[in-house]
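Good morning, and thank you for making time for this presentation. I should like to take you through one structure, and I ask that you keep it in view as I speak.

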Amino acid sequence: MLGTNKQFSAMTASYVIAITVALVIAVIFAPVVWNGVPSGGDDDPSVAVVDFRGGTTDANVNGIKQDLREIRANDSIDAVVLRIDSSGGPVDSSEELYLAVNRTTEEMPVVAYVEGTAASGGYYGIAPADEIVVKPSSNVGSIGVIVQAPLRLIEQAGQQSEAFVRSGPDKAQISKDGLREDIEVLQRSFVGTVMQHRSDELSVTRAEVANGDTYLGTQAVQNGFADRIGDSELAIERAAALADSIEGDQYDVVYLGGGAAAFNAIIVPAGATTVQGENNVTYLVHPEDETTFREPVKYYAVWGVPTEDNNATVIRND
Amino acid sequence: MTEGRIVKPLAVFIVVVVVLLGGIVLLALADPGSSGPPDGQSIDGQSPPQYQPGAVDMASDPEDGKIQIDTDVGEKRILIDTGHDNQLSKPSLEPMTEAVFDSGHTIEYGSLEVSDAEDSLGQYDGILIIQPLTSYSPDERDALQEYTESGGRVAVLAEPSQARVSSGPEQTSTTVSFGADTLTQRYGVRVGAEQLYNIDDDSNDNNFKSIYASPSDGGELTTGVETITLDTAGYAAITADTDAETTFTAAAGTRTLDTRRTGTYPIVVRNDNMVFVADSTFITRSEVYDADNEVFVSNLIEFLLNGDASD
């Protein structure tokens, strides 16, 4: 009797182990299975809502590029609403944002909903959208480029040139004329992009666009920087209406997390390292007790003012 | 029995795993996920037309030419005033100084001596006044007026009021203003109230504040000049009923920076032996070879050298 009980316990233990191992494997594969199931769980096409909040920094833009790539690869998603609140950032990553959104618009309707601000680099990103929906308090525009180049760097170009042995006369040199030419090139491609995508809607001239003014939502709808006043639900409706494969309200809405981190500080001193705290990010500029190099200038498509004096050694955004 | 103790749980394990993996395989087959044809390979617009070099690259003004001073007037002297908090740096004026030296003349720096004004000014053939921040005393104004009336030449380079940010940890902004309006008013001209800008790419030198101006008459100051470029230009306000004549005018579409007013803005004004230019950057090292600035600077120096002040 005792032997039978022992045998029964051992069998039970074996089953428990077998099922436990199977469950562990199931848990491991559950996300894969979950992600593999088309969102919405039925055959209706979907409108994806993807968020972009924060500066158009490398990290944020790479996040949304990944989201948009997945959206394009997902056959069940037929339209996108880009919910944006961004006052721009570096020009290089703002151009990346533009190219990613532009590519998406070639495949499916994209409607931008300006939750707060889509200025400068933020507007760069939504310029190719099929429609731009704003609220009265939305802030759009600020088409233009700034460069963060301490005047002393330009003034000390002569001194700098003697600090190193250089391979050519232009190596490691910054000049005011050179900066202006670079800014002009970046400005032209930015203004050109806005005119390329919005010239039919805009009632302002190219020169007025290049002035770099910002407009509140109601003004933007009047001058063509935006198309209509509404909320995010209206943006979703418009995206669905623009998609050929969606009929009426036969669609699902998928909310994607959005790769944009909530960075408040956009302008970070070049060469600063970041330290992620619990509720804040601290940027550290290392003292120049050894020869370190950093980008001498950085071009920004940004609407804003530096958060702190750049001469400070520690800048916090908590 | 021993076999059953191993086989049965193993069978359960295998069944569970096979069912799960099988389900995953089926799902994977049903949904190819992110694999598939290359993303966007056939999509237009990824090398957008507005990004092409032809659309964005611009021809920057070549920095060539030479400051060429052609005078056969013997050895002459030009005084550059430094006595009125003048905003100039000698190194930035070296290209001009060198050209004057090459042509056999002399540039001297110093403040106007008014104690015996007529004699002291009379030794110079021309006087160049660059952006003075302090005003000229009544005696100095009288002396300069007598000087020009007796054949001496004066050129005044003025800038519109503008904010200047001081360097250092405390970046304070102060407004800097041209200080010699009371002097130039005697010649019917003063610096205008605002700086100018031009957003049209064809009418500026790669920046909205760097405007173009072109000759509006055919006098000696404009010979050989098509376009000059000015970095911080204001405009000259000319009073009614004066002999002052505009010699250069800002390009069409130029506006005032604060109030965005378009108009015809005089940049260079001449009143007999006095020339007023509403910018002081065109003569400096970084700007002097832009556009036709070097020709204009040559003309301006010749204008000064051609003065005939009586000793």
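Let me begin with a question: in which loop of chain B does Asp241(B) lie? It is the loop between β11, residues 236-238, and β12, residues 245-250, of chain B. Before going further, I should say that what you see is a predicted model.

Asp241(B) deserves a moment of attention. Its phi is near 60°, a positive value in a residue other than glycine. Most residues other than glycine have a negative phi. As for its surroundings, Asp241(B) is exposed, with 7 other C-beta atoms within 10 Å.

Chain A offers a counterpart. Ser120(A) has a positive phi of about 50°, although it is not a glycine. It is found in the loop between β4, residues 110-119, and α4, residues 121-126, of chain A. Is Ser120(A) buried or exposed? Ser120(A) is buried, with 32 other C-beta atoms within 10 Å.

I turn now to the two chains as a whole. Chain A has 10 helices and 14 strands, while the secondary structure of chain B comes to 7 helices and 15 strands. Of the 318 residues in chain A, buried residues make up 39%; of the 311 residues of chain B, 39% count as buried. If we take contacts in chain A between residues at least 6 apart in sequence, 76% of them join residues at least 24 apart. In chain B, residues 24 or more positions apart account for 79% of the contacts with a separation of 6 or more.

Next, a sheet in chain A. Three strands form an open sheet, in the order β3-β13-β7, and the pairing is antiparallel. The strands β3 (88-90) and β7 (146-148) of chain A stand at the edges, each with a single partner strand, so one side of each is left without a neighbour in the sheet. On average, neighbouring strands of this sheet are turned by 25° against each other, direction ignored. Looking at one pairing in detail, β7(A) and strand β13, residues 298-302 of chain A, are antiparallel over 3 bridges. Within that pairing, Ile146(A) has Tyr300(A) in β13(A) as its bridge partner.

Two helices lie across this sheet. Helix α3 of chain A, residues 91-107, lies across β3 and β13 of chain A and runs at about 120° to β3(A). Helix α7 of chain A, residues 176-198, lies across β7 and β13 of chain A, at about 35° to β13(A).

Elsewhere in chain A, I would point to helix α10, residues 232-242. Its buried residues are Ala235(A), Ile236(A), Arg238(A), Ala239(A) and Ala240(A). Against which strands do they pack? The partners are β1 (46-53), β2 (77-86), β4, β5 (131-134) and β10 (252-256) of chain A.

Let us now consider the nonpolar cores. The largest has 69 residues, and those with the most contacts inside it are Ile78(B), Met96(B), Ala155(B), Ile267(B) and Phe276(B). Helix α7 of chain B, residues 293-305, gives the most to this core, with 7 residues. A second, separate core has 65 residues, including Leu68(A), Ile77(A), Val133(A) and Ala235(A). Ala235(A) we have already met, as one of the buried residues of α10(A).

Ala155(B), for its part, leads us to strand β4 of chain B, residues 153-157, where 5 of 5 residues are buried. Arg153(B), Ala155(B) and Leu157(B) point one way from β4(B), and Val154(B) and Val156(B) the other way. In a regular strand the side chains alternate between the two faces of the sheet. Strand β3 of chain B, residues 126-130, is joined to β4(B) by 5 bridges, and the two run parallel. Ile127(B) has Val154(B) as its bridge partner in β4(B).

I close with helix α5 of chain B, residues 138-149. It has 12 residues and reaches 16 Å from its first C-alpha to its last, close to the 16 Å expected at 1.5 Å a residue. Which of its residues are buried? They are Glu140(B), Ala143(B), Leu144(B), Tyr147(B) and Thr148(B). These residues cover an arc of only 130° around the axis, which puts them on the same side of α5(B). The face turned away from that buried side carries the exposed residues Pro138(B), Asp139(B) and Glu149(B). Just after α5(B), Gly151(B) takes a positive phi of about 110°.

Thank you for your attention.

Terms used:
Residues numbered from 1 in each chain as written. Chains lettered and ligands numbered in written order. Predicted model: local features only at pLDDT ≥ 70, side-chain atom pairs only at ≥ 80, totals over all residues. Pairing = 2+ DSSP bridges. Helix = DSSP H or I, 4+ residues; strand = E, 2+ residues; numbered from the N terminus. Axes fitted to C-alpha atoms, helices over the stretch in contact; angles between N-to-C directions. Contact = placed C-beta atoms within 7 Å. Core = buried A, V, L, I, M, F, W, Y, C linked by C-beta atoms within 7 Å. Buried ≥ 20, exposed ≤ 12 C-beta atoms within 10 Å, placed from the backbone. Expected span 1.5 Å × (residues − 1). Arc of directions from axis to C-beta.
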